[in-house]
Structure formats: C-alpha cells, structure tokens
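Good morning, colleagues. Today I would like to speak about disulfides and nonpolar cores in one protein chain. Please look at the sequence and the structure as I show them.

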Amino acid sequence: MAKSIESMLEILDFYLFNTGDIASDRRSGTTVTLRNNCGYTVWAGMYARTKSNPRYVPPSGGGWHMSPGQVVNIPVPNDLVAGRWWGRTGCRTTNGHFHCDTGDCGPWLDCGNHHSTGEPPASLAEITLNSPQDFYDLSLVDGFNIPLTLKPTSRYGGGNAYWCKEAYCRTDMNAICPSELQKVVNGRVVGCKSACVAFHRDEYCCAGAHNRPQTCNPATWPKDYHAVFKNPCPTAYSYAYDDHTSTFTCQNTNYDVIFC
C-alpha cells in the first residue's frame with residue numbers, strides 16, 4: 001500500500017462479511033473518524049477510489065478544516081480501495097488559490113473532488129476495505145509532516161502483532177529531522193522528507209535496478225535514512241519494502257485517524 005504516493009495495495013477479490021451486528025453495520029458502510037488532537041488547525045485531506053467507482057469522490061469533496069479538538073466522521077463505502085488521509089498545515093488562500101506549507105493538493109481545499117493526493121512530505125494513513133479483510137498502514141515513505149495514528153475501533157479474534165493493532169508515529173520528526181531532509185518554510189522546519197523525496201535516487205526510491213525487496217535494502221544505502229524514521233516510529237512504513245513490519249489487517253470495524 002505504501003510503495004509510493006502513486007502506488008496502491010494489490011486488489012483482491014471483493015468480499016463482504018455478513019455475520020453479526022458489526023458485519024451488518026459494515027454492509028451499510030464504514031466510518032473513518034478524524035480527530036485533531038493538535039494544538040493548531042489542520043486541514044485534513046482525503047483521496048480514494050472504490051472497486052465499483054474509480055472516480056469516487058469522498059464526502060465534503062475530501063477536504064476539511066479542523067480546529068484543535070474537532071472530530072469529523074466520514075462514511076465510506078465498503079469497497080474502498082487505497083483510501084488516504086493526511087493533515088495539511090500552514091494553509092491559506094492567496095489570490096483565490098488555496099495552498100498549504102505541507103500536504104498541499106493544488107489550489108484546492110477539497111482534494112478528493114480533484115482526485116489529488118498530498119504533496120510530500122506528508123504523513124499518510126492508508127486503508128483498503130474487504131479485500132477480503134481490511135489492510136491498513138501508516139506511511140512515511142514520502143516523509144513526515146505531523147504526528148499521526150491510525151487504529152481500528154474494534155478488535156476481533158486473536159491474530160498476531162499486526163492484527164487490529166494501531167499504526168502510529170507520535171514523535172515530532174520535524175524536531176529531529178536531519179538537515180538534508182528538512183522542509184523549511186520561513187525559517188521553520190515544517191516537514192521531514194524521505195530520502196527518496198530529498199535525493200530522487202533509485203536506491204532510496206526502490207526504483208530501476210532496486211525495484212525488488214532483494215535489491216532495495218537500507219543496509220546497503222550510503223546512509224541508513226530508513227532508521228531515521230523507523231527507530232522513532234517502528235510501526236510506520238519507512239521505505240517502500242517495509243511491509244513485514246508495517247502492514248496491518250483487521251475486519252468488521254471502523255477506524256480512527258488521529259492527528260497529533
């Protein structure tokens with residue numbers, strides 16, 4: 001799911017669970033709840049498609065102004081594919097155009113209306129539903145802008161460490177970001193770029209000759225930028241092939257996306 005800002009999780013056969021009260025709720029849709037726990041305004045963005053509609057437009061056009069403490073409930077279809085949520089910061093309207101310091105999706109508040117994703121660096125929450133179970137992750141593959149947590153609201157069955165658990169990066173990476181990865185606006189660090197975004201080199205982007213797990217190995221990088229993100233945020237994707245420690249599954253549940 002987190003291979004890059006353009007890539008999406010492989011789509012499996014569509015399947016809906018149809019037993020129990022929660023499953024009944026899922027037949028009518030799933031709710032993703034956004035919570036702004038930051039001490040500042042966040043402009044949430046959403047991009048997604050569905051198996052039945054590749055041009056799906058999210059509620060409110062996929063853009064929300066969220067004051068500190070605000071909660072927004074977003075109903076989404078049960079065949080949601082590669083749903084992405086992120087928080088934009090430092091947003092303002094200038095000469096009729098809406099722009100943000102981080103997570104910008106062009107001159108629009110409503111990213112989903114324009115099928116636009118957030119400009120890196122931006123912390124991403126990603127969810128695909130019912131394929132045949134839910135897959136979700138928190139991605140820093142393209143960098144970090146604000147702390148983020150993604151978690152299911154209910155847990156079912158046993159599973160392992162990646163079954164219905166929360167994915168998170170609660171550390172303020174901007175405060176510890178190496179200078180060569182920093183995004184600076186007006187003298188302030190507002191984001192921490194991934195090595196791929198900062199340097200555009202195939203070895204960091206898992207591209208070209210490095211486009212397989214066997215050939216994209218942070219241990220062989222000139223500098224292990226993977227560790228810059230993975231050590232403080234161990235459940236988040238830190239590079240494209242970080243699947244084994246960063247992909248979570250669940251079923252028959254709603255989700256919380258928590259900023260800060």
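I shall take three of the disulfides in turn and then turn to the nonpolar cores.

Please keep in mind that this is a predicted model. The count of disulfides comes to 8. As a reminder of the chemistry, a disulfide is a covalent bond between the sulfur atoms of two cysteines.

Let me begin with Cys38 and Cys260, whose sulfur atoms lie 1.9 Å apart in a disulfide. This link of Cys38 and Cys260 is right-handed, with 90° about the S-S bond. Cys38 sits in the loop between strand 1 (30–36) and strand 2 (42–50), while Cys260 belongs to the segment after strand 15 (255–259), so the pair ties together parts that are 222 residues apart in sequence. Are the two partners buried or exposed, or partly exposed? Cys38 counts as buried, because its relative accessibility is 4%, and buried means under 20%. Cys260, with a relative accessible area of 30%, is partly exposed.

The next pair is Cys169 and Cys233, joined by a disulfide with an S to S distance of 1.9 Å. Here, too, distant parts of the chain are linked. Cys169 is in strand 11 (residues 167–169), and Cys233 is in the loop between helix 5 (225–230) and strand 14 (248–250), 64 residues apart. Cys169 is buried at 1% relative accessibility, and Cys233 is buried with a relative accessible area of 1%.

I come now to Cys206 and Cys216, where the disulfide has an S to S distance of 1.8 Å. Which hand does this disulfide have? The torsion about the S-S bond of Cys206 and Cys216 is about -60°, so the disulfide is left-handed. Cys206 and Cys216 both lie in the loop between helix 4 (202–205) and helix 5, so the pair ties together parts that are 10 residues apart in sequence. Cys206 is buried, at 8% relative accessibility, and Cys216 is buried as well, at 0%.

Finally, the nonpolar cores. The largest of them has 52 residues. Leu34, Met46, Val76, Trp85, Val257 and Phe259 are the residues with the most contacts inside this core. Which element gives the largest share of this core? That element is strand 2, which contributes 4 residues. Another core, of 6 residues, lies apart from the largest one. Its members include Tyr47, Cys105, Cys111 and Leu124.

Thank you for your attention.

Note on methods: Residues are numbered from 1 along each chain as its sequence is written. This is a predicted model: local features need pLDDT of at least 70, side-chain atom pairs count only at pLDDT 80 or more; totals for chains, interfaces and linings use all residues. Side-chain values use heavy atoms; hydrogens and water are left out. A disulfide is a pair of cysteine sulfur atoms within 2.5 Å. Helices (H or I, at least four residues) and strands (E, at least two) are DSSP runs, numbered from the N terminus. Buried means under 20% relative accessible area, exposed over 50%, partly exposed in between (1.4 Å probe, protein chains only). A nonpolar core is a set of buried Ala, Val, Leu, Ile, Met, Phe, Trp, Tyr and Cys residues joined through side-chain atoms within 4.5 Å.
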